[in-house]
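I opened this entry to keep a record of what I looked up in the structure, going from the contact between the chains to single residues and back to the chains themselves.

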Amino acid sequence: MFKKFILSCFILFLFTNTGICRTDYDYVNISNPFLKKIPIAIPVFKAMYETEIENQIATEGANLLSDTLEFTGYFKILNREGFLEDIRKIGTTGQNIHFQNWISVGAEMLVTGLLSVKDENSLELELRLFDTLKVNDNDKLLIGKRYSGGKNDLRKMIHRFCSEILFLLTKSYGYFDTKMAFISTASGKKEVYMCDFDGQNIEQITRNNSITISPSWSSDGAWIAYTSYYKGKPDIYILNLKEKRVTNVTEKGSNLSPAWFPGRFALAASMSFSGDSEIYLLTGTGKIIKKLTNNLGVDVSPSFSPDGKKIAFVSDRAGGPQIYIFDLSSENTERLTFQGKYNTSPNWSPKGDKIAYSGIDNGEMNIYVIGSDGKGLTQLTSSQGKNEYPSWSPDGSLIAFNSTREGISRIYVMTAYGTDQRRLLTMPGEQTSPSWSPRVGD
Amino acid sequence: MFKRVLISVLLVMVVFGLMFTAACKKKVEPPAPPAQQEATKDASAADDAAKKAAEEEAAKRRALEEAEAAKRAAREAFMNEDINFDFDKSALREDATEILKKKAAFLKDNADVNVMIEGHCDERGTAEYNIALGEKRAKSAKNFLVDSGVDAGRLNTVSYGKEKPLDEGKTEEAWAKNRRAHFVIQ
């Protein structure tokens with residue numbers, strides 16, 4: 001799909017005063033950006049020639065844009081039924097729009113789209129984001145882009161535009177080109193699957209016909225490491241996604257929970273060939289570089305800090321499982337979690353300031369976030385089944401996890417503050433262990 | 001002179017008599033037992049022996065079967081009797097060590113048997129932590145058997161963590177059953 005796709009985008013309008021958004025007000029509240037959502041109107045796009053295919057894409061595109069912006073947690077998508085004017089009749093540019101009509105329905109922002117399908121395979125799409133509340137009409141247009149490509153590139157065009165919007169609001173391009181790896185029993189056995197960030201385009205990755213767990217992405221998105229009982233015991237497999245090439249680590253004992261080193265072709269993993277599970281640093285081809293922990297008992301589930309200087313991991317050295325932080329340069333280990341007797345599956349936030357994990361307290365398993373300095377412990381899920389395996393989106397705004405809140409285990413997404421919890425996808429079998437890919441780009 | 005003749009006569013008589021006695025003796029010799037009677041006696045003795053042998057054979061077979069059954073039962077008991085653990089623990093409980101003592105005895109009686117000890121956990125907690133915990137459980141069992149005199153080379157371990165529960169239930173009872181070490185003869 002990507003190969004035949006040549007996407008060009010042009011900046012239609014230059015911003016003469018890009019500082020406006022910062023000087024006037026912040027769109028996104030830093031302390032909890034998901035509390036007050038930005039009301040945004042996304043009317044059905046205008047079709048240039050109003051052919052059947054154009055009209056279909058006009059609705060499909062506007063709906064996808066709505067779903068994608070809603071997914072971020074920053075927006076409240078306004079119901080189209082209440083809209084006072086029809087941009088398909090009046091036009092999609094600032095000169096045509098009567099902003100008062102949009103302010104009246106509560107829209108602080110407005111997205112308009114104009115598209116044309118000239119022949120079977122060519123799609124042109126103009127998208128504009130307006131701030132309806134700006135005093136000066138010339139300041140109202142925040143982003144204007146024109147995309148041209150094939151008809152099948154609609155999804156990609158919409159995601160590109162959403163990235164622009166997110167960058168304007170948060171200074172981060174988001175995750176609209178990312179994927180999610182996870183474990184599903186859809187085939188009868190636990191296997192690695194993959195889907196787009198929004199749960200679309202599900203694809204089975206492994207066919208081991210045995211227990212497969214712990215998928216983990218390399219920071220360039222080219223490799224997935226996982227654990228499988230393919231040879232009858234837990235071993236680590238390192239898969240090159242493009243070349244479908246697999247390397248394995250089959251030392252004696254259990255070879256578990258691989259985690260990639262940020263920016264390097266190396267990983268940390270738990271191995272028990274010495275008779276006791278310890279965390280080791282391995283090359284991307286599975287050769288041992290160094291033993292990191294030295295403790296009698298369980299040491300598993302490493303997760304690197306984004307700068308690659310520290311590793312959060314799980315150890316039972318104090319009795320039950322707790323999360324510890326190992327400093328790679330000083331080789332010191334410090335205990336991070338003290339609340340609750342059972343804390344596992346740490347996942348370091350992309351900004352480096354927080355660690356999400358799952359903990360059992362009062363018989364419930366929930367997702368928690370704690371500062372990497374041990375401060376600011378926050379519980380994100382509560383009284384809704386078993387919740388585990390938190391995985392941050394690459395911009396740090398969302399957390400994917402699995403939950404049994406609707407019976408069998410499925411994958412859910414919530415904001416980093418615990419709001420907007422929703423199911424990511426529905427498919428046969430049980431889904432667990434989501435792992436959010438880095439931004440892969442193209 | 002007369003005396004001499006008399007003695008001679010007497011001697012002759014004695015000789016005669018002796019001769020006669022010898023002949024008589026020959027005559028009164030008891031008849032040899034009839035051949036048929038002898039054969040019958042021999043056959044019944046053989047019968048008895050065969051019967052005895054058959055009985056012995058059957059007894060032996062029975063004993064062997066019983067021994068085989070006992071062996072099978074011991075083998076099955078060895079395979080079927082799991083040891084259980086407390087939540088998030090790999091230390092051996094007293095009931096577990098009692099079972100392990102029987103297993104050690106079985107392994108000493110069956111020197112050709114190699115064993116895979118599987119460590120299992122209940123469904124709580126992550127798959128990864130539970131695999132590591134299950135491995136500790138399998139190794140606790142192995143160490144006990146080694147300490148009881150079983151050659152370590154005969155004992156292998158593997159952990160399945162929470163991946164192969166005996167009971168899919170979400171109750172404390174199901175969890176207790178699932179926290180186990182299981183023994184498989186290889």
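I began with the contact between the two chains and found that 34 residues of chain A are in contact with 23 residues of chain B; I note at once that this is a predicted model. For the extent of the interface I looked up the buried area, since the size of an interface is often given as the accessible area lost when the parts come together. Between chain A and chain B that area is about 2,000 Å², and carbon and sulfur atoms give 58% of it.

Next I asked how many salt bridges the rule finds across the interface of chain A and chain B. The number is 4, and one I looked up by name pairs B:Glu163 with A:Lys190, with 2.8 Å between the closest N and O atoms. For polar contacts between chain A and chain B, I noted a count of 10 residue pairs, with both residues at pLDDT 80 or more.

I then asked which strands of chain A each supply at least two residues of the side that touches chain B. I listed S11 (212-217), S15 (255-260), S19 (299-304), S23 (342-348), S24 (354-361) and S27 (387-392). The largest share of that side comes from S23(A), with 3 residues. Sorted by class, the side of chain A that touches chain B holds 13 nonpolar, 15 polar and 6 charged residues.

Turning to single residues, I looked up A:Ser210, which sits in the loop between strand S10 (203-204) and S11 of chain A. I entered A:Ser210 as buried because its relative accessibility is 11%, and buried means under 20%. Apart from neighbours within four places in sequence, A:Ser210 is in contact with A:Lys189, A:Lys190, A:Glu191, A:Ser228, A:Tyr229 and A:Tyr230. Two of these names I followed further: A:Lys190 is the residue that forms the salt bridge with B:Glu163, and the side chain of A:Ser228 makes a polar contact with the side chain of A:Ser210 at 3.4 Å.

A:Thr178 was my second residue, and I placed it in the loop between helix H5 (154-170) and strand S8 (179-184) of chain A. Is A:Thr178 buried or exposed? With a relative accessibility of 2%, A:Thr178 counts as buried. Its side chain reaches the backbone oxygen of A:Tyr175 at 2.5 Å. Setting aside neighbours within four places in sequence, I listed its contacts as A:Asp196, A:Phe197, A:Pro394, A:Trp436, A:Ser437, A:Pro438 and A:Arg439. I also checked A:Thr178 against A:Asp353, and the two are 175 residues apart in sequence and 22 Å apart in space, C-alpha to C-alpha.

I went on to helix H2 (residues 52-72) of chain A, whose 21 residues reach 31 Å from the first C-alpha to the last, close to the 30 Å expected at 1.5 Å a residue. Among the buried residues of H2(A) I noted A:Ile57, A:Leu64, A:Leu65, A:Leu69 and A:Phe71, and also A:Glu54. After H2(A) comes A:Gly73, and its phi is positive, near 85°.

Last, I looked at chain B, where I recorded 5 helices and 4 strands, running α-α-β-α-β-α-β-α-β from the N terminus on. Of the 186 residues in chain B, 32% are buried. Among contacts in chain B between residues at least 6 apart in sequence, 75% join residues at least 24 apart.

How values were computed:
Residues numbered from 1 in each chain as written. Chains lettered and ligands numbered in written order. Predicted model: local features only at pLDDT ≥ 70, side-chain atom pairs only at ≥ 80, totals over all residues. Heavy atoms only, no water. Expected span 1.5 Å × (residues − 1). Buried < 20%, exposed > 50% of the residue type's maximum accessible area, 1.4 Å probe, protein only. Contact = heavy atoms within 4.5 Å. Buried area = accessible area lost by both parts, 1.4 Å probe. Salt bridge = Lys/Arg side-chain N within 4 Å of Asp/Glu carboxyl O. Polar contact = N/O pair within 3.5 Å; in protein donor to acceptor, adjacent residues only side chain to side chain. Nonpolar A, V, L, I, M, F, W, Y, C, P; charged D, E, K, R; others polar.
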